[in-house]
Amino acid sequence: MPKFTLFWMMLIIALIGLAVESEEKTMSDLHSWQQRSIYFLMIDRFFVDGEPKDLGCKEFNPDDPYCYQGGNLRGIQAKLEYIKSLGFDAIWITPPVYNQWVHPNMRTRGYHGYWAHDFMQVDPHLGTLDDYKALVQQAHKLGIYVIQDIVPGHTADYFSVQYVYTITPETLQHLQEAKIPQSLLSQLEPLVGESMVGKAAFVEKVKQVLGQFYPLYGNLVLCHAQRAMIPEKSWKLYENVVPNATGPHDPVLWQNDPRDPKQLAAEIYHFTPDIDDYSSREQQLTYNMSGLDDINLDAPAARQRMAEIYRYWIHEVGIDGFRVDTVRYTSEEFYEYFLHSTDEKDLGMKPWAKRHNIPHFFVFGEIWEYEYETCTSDGQTLSLNKYIEHNGKQRLDSAIDFPMYQSIKQVFFDYEAPEKLVKYLTYPKTRSNLWIQFLDNHDVDRIAEGTDWENIAQALFFIYTIPGIPCITWGTEHGFTEQRQNMFDAKYYDSSNPRIELLQKLNALRKKKENLGLCIGQVQVEQAAKAPGILAYRTTYEDKEFLTLLNTGKSAMLYQFRDQSHRYQVQFGSHWAANEHLQGSCILPRKSYVLLQKMEPIPTSIKPQIRILALEPGQKHGEFLMRFNLPASEELQKLYLLIDQNFQSKISVPIQSEQSFVFSTHSMTNGDHQIVLLGVCKDQSYIFSNTLSLDIQNPFILKKEVIRRPADLEIKQTAGIYGNVEPPLNWPNTLTWQKVQIFTQDTNVQLKLYMDEISQIWLPYNHFDHVFFYIFLAFPKINPQPRPLPCLNYDGFGLDWDIGVVLYGWGKKVFSATGSSVNAYGNPLQGHLAHAVNLEDKTITITLSKDLWEDLNVQDLSGLKILITTWDGDGLKGLRGLSQERKPYEFYTNETDPERMAQIPKIYAWQLIELTEEMEEK
């Protein structure tokens, strides 16, 4: 073998050895985290101790959830025993640092901790450094670790930087090639060379020039104008921030004015505008996220300062770990330095913590992505694993598992197929046993808002039986529905309820030494239904094997054990007693779950088999003949057809010489389904056929097409019930459509909206944003009583609606009219709600399946009324407000009377459609 080849092979082997050694060392240090569970709480919203802090800056208002409400560090210390009683042995608290309390452009105050003003002081609202030390000391006495939330990538919002726009000769050339009329080009020529600071100023100028032609050509001019960053020219300091300062109170981070050549040269900040393309890796790393001033962590002075700041908290308080906020907006390489630097003059957090006798110091990051690997718009790949380890170099210890969270939400709360969980359960995550598994947090909808307890119980059971560290948000044990609800009331600390009992049992289950395999074992998915139904996965570790079964469907399901030669002992279950044994097959009741441990082998006998004969490939709809072969046995007494293992709705099949039956797809939902024949023997044991997969595609028939506005008509800015509302400045055309088509199949309904624009600026997992769709269905003769439209401030349609839907970029809700009110959605419903986005056609197709209204006994859809409305909002703050100023993120109204302004409905565009035979235009 050539010497140089041998050299490189030896080098590769050495590097692999170092990586393995480093990984093993990391796992050894973090061993004490493997069976822990975390209780996450927001300091200002947890138990309040003493007088709430009112510092007189209009920042404190216990009646306003956007303001400080009075929670503090002493209050947390007082309730550590309560947290321990739930079974938790770690807490994660929001940043305790001194925040910017008031921003002139924000209704929200800095109670949450993520707008740092002074990174090395405790916020006066939350207590003192001594309070923090006392909290950690008491937690440690109780065996509870403390995790501090940190934000190394940005400060509070003290300044803004806008793009500078210029029309150039090249701009005119592009517009000429785009066939813009010469008469309009000549009107733009005087603007050549003129620079305008900010998009709003540029758009206003172009509007003045183009006049009525702006809706046709405005975006084209904007796309081809020269856009430059000149921070010295476009930087602006905000006034009236509290504490009143020009920048952070810090010896390094105060340097935020690019008009000063020294501060510009220091490069402490990126001095960039807000991100306007969240799929761009360059913008993620260097632009401002939601206005927060982005720190340049490549600048030595900035990164060293961040290390100094967070070494301080470890030294002073003795915390056990960090949760790192907004990691996606910082580079992966930063964490090699920040966490692992061995420079004696600039130690990373991990060696620094070991020096302070905290070898178990644990650091996980918030990487808000819904896939483990994502291709960015500028050709890069964002890999979550690379934030943890890359080329043998250690970075973060783990991450918050947002991809798993999203699939959990879809399967357990949105009634989608368990099959969606497979790739997230089996993806090779680096140190998967340390990833944080969660169901909600302070930035997303609370799980109890749109679902019921049996679904939540299943989801909790799921995250406690997969590798990773379960993290539960405060108030989950009390069914909190508001994202940042306070937990001040004494009733939250002395009551027992099914939620508390389940959490206590799950925490106890996970902490048993013999159940370590649940936390760190290898997962293999055995079965995952293509419709709501069975999810089965095995977890193996050393000589132990666990089998977890869940039924997410609304009907009982029949499960056949793949391994017929062993018994399984119940460890924990919703419908089974501990130590009960199962074997062969079992019925899983609706919404049930059970954890089993594989036990000793059992004697087995060979059973006769049934075989369904294969069909011609392709999609199926209508009626067709299905053939099968039965075994030559007199043991068989009955024969049933099971669709997607639904035992409750099994269909009797005659046992006859033809060995065939007619199969109809008419009442089935579209998509992949599995069918199996079940034979019942004389001794009441079961035999099964092979499983046959069917792709059901029943055709939807166009029933109605309603034109809202001809495609060539100018888009009008003003809409709303009273015609006096304008949309937010930044995305004005995402709320309107040109036409709607209504399709039906059986009693399923499909809406196809031809939108004016579709935005994906925030990378929403529903593939559209900047519009909330509210859809209401009123079936004739079901309930003739008109009801108000919940949360929209309007009941003028007089609609006797039965089913309500909210669909937006990050979620969906389906609810019944029962239990609804002016300010509250009705009881949550479970059923199939699907949607598809086509950017090329600018269409959003929404499919509502009849299982959503199965309890209403709907026989046909004639006379069905459908109301579609739009507004804008976000998942945290709900629907956006009305303002008397034109600005981004709020609707504008010219109404001046405060009382009448409060009565304006939160409805921008709307259409009320009745399913009749004739076509209709509006």
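What follows is a walk through the side-chain pairings and some backbone features of this structure, which is a predicted model.

The salt bridges make a useful starting point. The structure holds 44 of them. One joins Asp-397 to Lys-350, with 2.6 Å between the closest N and O atoms. Its two partners come from distant parts of the chain, 47 residues apart: Asp-397 is in the loop between strand S16 (393-394) and strand S17 (398-399), while Lys-350 belongs to helix H14 (residues 349-355). Asp-397 has a relative accessibility of 1%, so it counts as buried. Lys-350 has a relative accessible area of 13% and is therefore buried as well, since buried means under 20%.

A second salt bridge is formed by the side chains of Lys-429 and Asp-401, again with an N to O distance of 2.6 Å. Lys-429 sits in the loop between helix H16 (422-426) and strand S18 (436-438), and Asp-401 in the loop between S17 and helix H15 (402-413), so this bridge ties together parts that are 28 residues apart in sequence. Lys-429 and Asp-401 are both buried.

Further along the chain, the side chains of Glu-757 and Lys-842 meet in a salt bridge at 3.4 Å, N to O. Glu-757 is found in the loop between strand S39 (748-755) and strand S40 (772-778), and Lys-842 in the loop between strand S43 (833-838) and strand S44 (843-848); the pair therefore ties together parts 85 residues apart in sequence. Are these two residues buried, partly exposed or exposed? Glu-757 has a relative accessibility of 29%, so it counts as partly exposed. Lys-842, with a relative accessible area of 30%, is partly exposed too. Both values fall in the partly exposed class because that class lies between the buried limit of 20% and the exposed limit of 50%.

Salt bridges can also be joined into a network. Here such a network links Glu-526, Arg-538, Glu-545, Asp-563 and Lys-598.

Aromatic rings give another set of pairings. The structure holds 63 aromatic pairs. In one of them, the ring centres of Trp-871 and Phe-891 are 3.8 Å apart and the ring planes meet at 20°, so the pair is stacked. These rings also link distant parts of the chain: Trp-871 is in strand S45 (residues 865-871) and Phe-891 in strand S49 (residues 891-893), 20 residues apart. Both Trp-871 and Phe-891 are buried. Elsewhere, ring pairs connect several residues into a cluster made up of Tyr-310, Phe-322, Phe-334, Tyr-335, Tyr-337, Phe-338, Phe-361 and Tyr-387.

Rings also pair with charged side chains. Arg-36 lies over the face of Tyr-145, at 3.6 Å from the ring centre. In a similar way, Arg-227 lies over the face of Tyr-163, at 3.7 Å from the ring centre.

Asp-149 can be followed as a single residue. Asp-149 has its place in strand S5 (residues 145-150). With a relative accessible area of 1%, Asp-149 is buried. What does its side chain make a polar contact with? The partner is the side chain of Trp-92, at 3.0 Å. Apart from neighbours within four places in sequence, the residues in contact with Asp-149 are Trp-92, Ile-93, Thr-94, Pro-95, Tyr-114, Arg-323 and Asp-325.

The backbone has some features to look at as well. Val-242 and Pro-243 are joined by a cis peptide bond, with omega at about -5°. Pro-243 is in the loop between strand S10 (235-237) and helix H10 (261-266).

Two residues have a positive phi although they are not glycines. For Ser-290, phi is about 55°. Ser-290 lies in the loop between helix H11 (281-286) and helix H12 (300-317). Its relative accessible area is 36%, so Ser-290 is partly exposed. For Asn-357, phi is about 60°. Asn-357 is placed in the loop between H14 and strand S12 (362-365). Helix H14 is also the helix that holds Lys-350. Asn-357 has a relative accessible area of 68% and is therefore exposed.

Definitions and conventions. Residues are numbered from 1 along each chain as its sequence is written. This is a predicted model: local features need pLDDT of at least 70, side-chain atom pairs count only at pLDDT 80 or more; totals for chains, interfaces and linings use all residues. Side-chain values use heavy atoms; hydrogens and water are left out. A salt bridge is a side-chain nitrogen of Lys or Arg within 4 Å of a carboxyl oxygen of Asp or Glu. Helices (H or I, at least four residues) and strands (E, at least two) are DSSP runs, numbered from the N terminus. Buried means under 20% relative accessible area, exposed over 50%, partly exposed in between (1.4 Å probe, protein chains only). Rings of Phe, Tyr and Trp (its six-membered ring) pair if their centres lie within 6.5 Å; planes under 30 degrees apart count as stacked, over 60 as edge-to-face and the rest as tilted. A charge sits over a ring if NZ of Lys or CZ of Arg is within 6 Å of the ring centre and within 35 degrees of the ring normal. A polar contact is a pair of N or O atoms within 3.5 Å; within protein, one must be able to donate a hydrogen and the other to accept it, and residues adjacent in sequence count only if both atoms are side-chain atoms. Contact means heavy atoms within 4.5 Å.
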